[in-house]
Each structure stands twice: as structure tokens, then as C-alpha cells.
Amino acid sequence: MKVVYFLVAFLALASSIAFAYDPSPLQDFCVAVNENNGVFVNGKFCKDPKLVKAEDFFTHVEPGNTSNKLGSKVTPVTVTEIAGLNTLGISLVRIDYAPKGLNPPHTHPRGTEILIVVEGTLNVGFVASNQNNNTLFTKVLNKGDVFVFPIGLIHFQLNVGNVNAIAIAGLSSQNPGVITIANALFGSTPLISSDVLTKAFQVNNIVIQNLEKQFL
């Protein structure tokens with residue numbers, strides 16, 4: 001009987017791992033199309049392979065405009081930008097930072113991120129889950145340095161230099177998603193009840209209202 005329980009537990013674990021990331025494709029490619037007259041795979045309809053062309057696997061990324069409050073710009077290259085990424089389980093972003101620019105704390109619910117610094121110096125980090133005591137793992141990265149942000153964990157990058165910085169990050173999903181923590185908490189639609197936020201952050205309602213004004 002113990003053997004049976006072990007096998008059930010093992011199969012359950014294997015199943016959870018198998019479905020934790022984008023499923024492996026069963027064809028060479030499945031270029032996404034908006035029409036609904038194709039084969040539906042991974043949230044997108046597939047273009048007829050006979051109609052696929054090189055442009056379906058190509059895009060061009062310009063430097064991002066960092067003239068904003070955060071001093072950063074994330075330019076995604078996901079299945080939305082390259083239809084040929086559909087079912088392939090990868091994507092990337094280019095991140096531009098002004099001096100002291102910040103890519104604020106956020107999480108990718110569907111993808112692990114691996115980042116390389118192309119130019120500049122970044123202070124990066126991620127916070128482990130509650131079961132690991134919300135431990136902060138942080139490192140200062142220079143040109144050529146690489147850092148990994150595990151799937152689902154809150155992470156950030158801050159340009160600590162006095163010049164512009166650039167990073168490229170790969171993600172383990174064609175559509176990893178992004179949740180910016182401050183926007184989600186103080187700029188949701190509709191707003192989260194102030195009763196919830198004042199109790200969660202142990203502050204008064206005036207503090208919450210002032211924070212919410214930043215995201216209107």
C-alpha cells in the first residue's frame with residue numbers, strides 16, 4: 001500500500017511540474033493569427049503553415065523612452081509582438097534605464113526571467129516567498145553580468161549609475177505576464193477597499209489615499 005501512495009504522490013508531483021510552464025509544441029511552429037478559422041493552441045489560433053513567412057518570426061526593437069516618473073522603459077517581445085513565438089515557450093524584453101531609473105517591484109506569474117546587463121550598473125534583487133522568510137537576494141550587476149529571477153517572485157532593477165543603462169531579459173513563456181506591485185495595490189479597477197489596505201499596511205486612510213492619487 002505504501003508503494004501505491006508513493007506512486008500517486010510521484011505522479012501528482014510530475015504532473016504539477018509538467019503543467020508549470022508553457023507546454024511543449026507538437027509541431028515545428030504555430031504562428032499566431034487573430035482569425036478564428038485556424039487551429040487553437042496556447043491561447044492563439046495557428047496560421048496555415050503554407051502561409052507562414054520569415055516576417056512572422058521577426059521584429060525590431062528601438063531604445064525605450066525613459067522620460068517618465070520611474071526613469072525606465074520595458075519593451076516586450078512576446079507572442080503579441082512576434083506571432084511566431086506562439087507555442088515556443090520563450091520571450092524577451094529590452095529594458096532601458098535613465099540614470100537612477102527604476103524598473104519597480106513586479107512579478108511574472110508565468111515565467112522565470114534571466115537578465116544580462118548590456119550597458120551600465122544595476123542593483124537588482126528578488127524577494128523569496130513567505131515560506132523562505134521573505135528573504136531578499138540582491139546583487140549589483142555590471143556590463144556582462146547575468147542574474148536570474150525565479151518565476152512568480154517579486155523583483156526589481158535600479159540603475160545606480162550616473163549614465164543610461166540597458167538590459168536584455170529572456171523569459172520562459174511566450175506570454176509571461178507582469179504584475180507591477182504598486183499599480184496592482186493602489187491603482188486597481190475598482191480600487192481595493194481602504195479597510196483592506198489600511199489594515200494590511202498598518203497605516204491610516206490618508207496615507208492610502210495619497211498613494212492611490214499617484215496611480216489615478
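Here is a friendly set of questions and answers about a predicted model of a protein.

Me: Let's start with the overview: how many helices and strands are there in the protein?
Reply: The model we are looking at is predicted. Counting its regular elements gives four helices and 13 strands.

Me: What share of the residues is buried?
Reply: A residue counts as buried when its relative accessible area is under 20%. The protein has 216 residues, and the buried share of them is 31%.

Me: Among contacts between residues at least 6 apart in sequence, what percentage joins residues at least 24 apart?
Reply: Contact here means heavy atoms within 4.5 Å. Of the contacts between residues at least 6 apart in sequence, the part that joins residues at least 24 apart is 70%.

Me: Now the sheets. Which are the edge strands of the sheet with the order 9-8-11-6-13?
Reply: This is an open sheet of five strands with antiparallel pairing. An edge strand pairs on one side only, and that describes strand 9 (136-141) and strand 13 (179-180).

Me: Which residues stand opposite His 106 in strand 11 and in strand 13?
Reply: Strand 6 (residues 102-107) runs antiparallel to strand 11 (residues 154-159), and three bridges join them. Strand 6 also runs antiparallel to strand 13, with two bridges. In strand 11, His 106 faces His 155. In strand 13, the bridge partner of His 106 is Thr 180.

Me: There is another sheet, with the order 4-5-12-7-10; what is its average twist from one strand to the next?
Reply: This one is also an open sheet of five strands with antiparallel pairing. Its edges are strand 4 (72-77) and strand 10 (146-149), each pairing on one side only. From one strand to the next, the twist averages 20 degrees.

Me: Which residue in strand 12 stands opposite Ser 91?
Reply: Strand 5 (residues 91-97) pairs with strand 12 (residues 165-171) in the antiparallel sense, over seven bridges. Opposite Ser 91 in strand 12 stands Leu 171.

Me: On to the disulfide: is it left-handed or right-handed?
Reply: The structure holds one disulfide. Cys 30 and Cys 46 are its two ends, with an S to S distance of 1.6 Å. The torsion about their S-S bond is about -80 degrees, so the disulfide is left-handed.

Me: How many residues apart in sequence are the parts that this pair ties together?
Reply: Both Cys 30 and Cys 46 are buried. Cys 30 sits in the loop between helix 1 (2-18) and strand 1 (32-33), while Cys 46 belongs to strand 3 (residues 44-46). The pair therefore ties together parts whose separation in sequence is 16 residues.

Me: How are helix 3 and helix 4 oriented to each other?
Reply: Helix 3 (residues 194-201) and helix 4 (residues 205-213) pack with their axes 9 Å apart, at an angle of about 110 degrees. Angles of 65 to 115 degrees count as roughly perpendicular. Helix 3 and helix 4 are therefore roughly perpendicular.

Me: How many nonpolar, polar and charged residues are in that contact?
Reply: From helix 3 come Ser 194, Leu 197 and Thr 198, and they meet Asn 205, Ile 208 and Glu 212 of helix 4. Sorted by class, the contact has two nonpolar, three polar and one charged residues.

Me: Is Val 203 buried, partly exposed or exposed?
Reply: Val 203 lies in the loop between helix 3 and helix 4. Leaving aside neighbours within four places in sequence, Val 203 is in contact with Thr 198 and Ile 208. Its relative accessibility is 30%, so Val 203 counts as partly exposed.

Me: Which residues does the cis peptide bond with omega of about -10 degrees join?
Reply: One partner is found in the loop between helix 2 (181-186) and helix 3, and that is Pro 190. The cis peptide bond joins Thr 189 and Pro 190.

Me: Is Asn 133 buried or exposed?
Reply: Asn 133 is in the loop between strand 8 (122-127) and strand 9. Asn 133 has a positive phi of about 60 degrees although it is not a glycine. With a relative accessible area of 67%, Asn 133 is exposed.

Me: And what is the relative accessibility of Asn 134?
Reply: Asn 134 is also found in the loop between strand 8 and strand 9. Its phi is positive too, near 50 degrees. Asn 134 counts as partly exposed, and its relative accessibility is 42%.

Methods
Residues are numbered from 1 along each chain as its sequence is written. This is a predicted model: local features need pLDDT of at least 70, side-chain atom pairs count only at pLDDT 80 or more; totals for chains, interfaces and linings use all residues. Side-chain values use heavy atoms; hydrogens and water are left out. Axes are lines fitted to C-alpha atoms, for helices over the stretch in contact, and angles run from 0 to 180 degrees between N-to-C directions. Angles under 35 degrees count as roughly parallel, over 145 as roughly antiparallel, 65 to 115 as roughly perpendicular and the rest as oblique. Ala, Val, Leu, Ile, Met, Phe, Trp, Tyr, Cys and Pro count as nonpolar, Asp, Glu, Lys and Arg as charged, and the others, Gly among them, as polar. Two strands pair if DSSP finds at least two bridges between them. A disulfide is a pair of cysteine sulfur atoms within 2.5 Å. Buried means under 20% relative accessible area, exposed over 50%, partly exposed in between (1.4 Å probe, protein chains only).
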